[in-house]
Amino acid sequence: MRTITLLLTLLAVTVAKANNDNDTVIVTNAKKVTIVTNDSLQKIEIHGKEGDDHFHYTNTLQLVDTNYVSSSVVDRDFGFAIGPTKKNRYRFEVQMHFMIGFNSALSTPEHMDVKSFSSADILWEIAELNYRPWSSSTDQIAFGVGLSWRNYRMTGNYRFVKSAEGVTSVQPVPEGAEPKFSRVKTFGLSFPILYKFNRVKGVSFQFGPIINCISHSSMLTRYKLDGKKIKESETDLHHNPVTVDLIAILSNPIVDMYVKWSPCNAFQSDFAPKFHSLSFGFYF
């Protein structure tokens, strides 16, 4: 009997809300719907809807004897909306994302053998502003700002060396040494500019450039020689202060992934080996 009463009460609340456009919540193609029911409570939770993966709606209906208490919450994770949302026009959202993956080097000089699965590529996009300019489309343009960290790591018998003149080159480790690793690293601000579109239900695609303003570079080499642990480190490797990456991101219900390629040299060609970066990994 209580279940029937609960359903009738829920229906009454829904009809009451339908009579007031300001309280009506319409969800098209919800990604995930969770309904929890017990003797005195029913909770409906919706994650994602058409054109908005970050939509979150919660409605709680609580029975107290023959009365009920109903409450609902709509949030957008890290986002907010400005302007008329019924037609998806002039809509803005702010989000936060992480890219964590593996890094490799292309077109490297001889003996520079960078190991992709030992080299990391990390970008923390602190804030991303998404703008949906067209009322008839869910496509978005995104502008972001974040921190990027990328290293290039070798584990063989060669290491990075910086000369007294400030030139970085690839040289063999000392004779008899047991190499551990040698790597160069860059760090700085990144500014993604992405175009996002969704043509298949549950699948979206993003692509565009990332402008990197590199502020720091360093070198670290570790090996053993005559039983002693040797550490060689340098900073200021004459990195290029501004580089550009081209990125593509595929989002789907299972796992979001990205691939990123840079046509620019990470370091100034007069002071370091020439090579291009290619990275791939996971997008959150």
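His111 is found in the loop between strands β5 and β6; helices (H or I, at least four residues) and strands (E, at least two) are DSSP runs, numbered from the N terminus. This is a predicted model, where local features need pLDDT of at least 70, side-chain atom pairs count only at pLDDT 80 or more, and totals for chains, interfaces and linings use all residues. Residues are numbered from 1 along each chain as its sequence is written, and side-chain values use heavy atoms, with hydrogens and water left out.

Back to that loop. His111 has a phi near 75°, a positive value in a residue other than glycine. Here's the background: most residues other than glycine have a negative phi. Ser107 sits in the loop between β5 (91-106) and β6 too, and Ser107 also has a positive phi, of about 55°, although it is not a glycine. Is Ser107 buried or exposed? Ser107 is exposed, because its relative accessible area is 61%, and exposed means over 50%, buried under 20%, and partly exposed in between (1.4 Å probe, protein chains only). His111 has 38% relative accessibility, so it counts as partly exposed.

Now zoom out for a moment. The protein has one helix and 15 strands. Of its 284 residues, 35% count as buried. A contact means heavy atoms within 4.5 Å. Take the contacts between residues at least 6 apart in sequence: 56% of them join residues at least 24 apart.

Next, let's follow some strands. Two strands pair if DSSP finds at least two bridges between them. Strand β7 (residues 140-154) and strand β10 (residues 178-200) run antiparallel, joined by 13 bridges. If you look for Trp149, you'll find that its bridge partner in β10 is Phe187. β10 is also joined to strand β11 (residues 203-225), by 18 bridges, and these two run antiparallel as well. Here Ser190 has Asn212 in β11 as its bridge partner. β10 and β11 make a hairpin with two residues between the strands, and in this hairpin Gly202 takes a positive phi near 85°.

Keep going and you reach strand β12 (residues 228-235), which pairs with β11 in the antiparallel sense over eight bridges. In this pair, Tyr223 stands opposite Ile230 in β12. β11 and β12 form a hairpin with two residues between them, and Asp226 in the turn has a positive phi of about 55°.

While you're around here, have a look at Phe191, found in strand β10. Phe191 counts as partly exposed because its relative accessibility is 30%. Which residues does Phe191 touch, not counting residues up to four places away in sequence? They are Gly144, Val145, Pro209, Ile210, Ile211 and Cys213. Cys213 is 22 residues from Phe191 along the chain, yet their C-alpha atoms are separated by 8.3 Å.

Time to go inside. In soluble globular proteins, nonpolar side chains tend to be buried together. A nonpolar core is a set of buried Ala, Val, Leu, Ile, Met, Phe, Trp, Tyr and Cys residues joined through side-chain atoms within 4.5 Å. The largest one here has 14 residues, and those with the most contacts inside it are Met112, Tyr152, Phe160, Val184, Phe267 and Phe275. Apart from that core lies another, of nine residues, among them Met99, Ile249, Tyr258 and Tyr283. As for Met112, it touches Ala105, Met154, Phe160, Val170, Pro273 and Phe275, not counting residues up to four places away in sequence.

Finally, the empty spaces. On a 1 Å grid over the protein atoms alone, a cavity is a set of points where a 1.4 Å probe fits but cannot get out, and lining residues have an atom within 4 Å of a point. Grid points are joined across faces, edges and corners, and a volume is the space filled by probe spheres set on the points. A search of the whole structure finds three cavities of 30 Å³ or more. The largest has a volume of about 160 Å³. Of the 20 residues that line the largest cavity, the closest to its centre are Arg150, Thr186, Asn212, Ile214 and Thr243. You met Asn212 earlier, as the bridge partner of Ser190.

The second largest cavity holds about 40 Å³ of space. Its lining is made of Met112, Phe160, Thr168, Val184, Leu237, Phe267, Ala272, Pro273 and Phe275. Among these, Met112, Phe160, Val184, Phe267 and Phe275 are familiar from the largest nonpolar core.

How values were computed. 1 Å grid on protein atoms, 1.4 Å probe; cavity = no way out; pocket = protein on both sides within 12 Å on 5 of 7 lines; lining within 4 Å.
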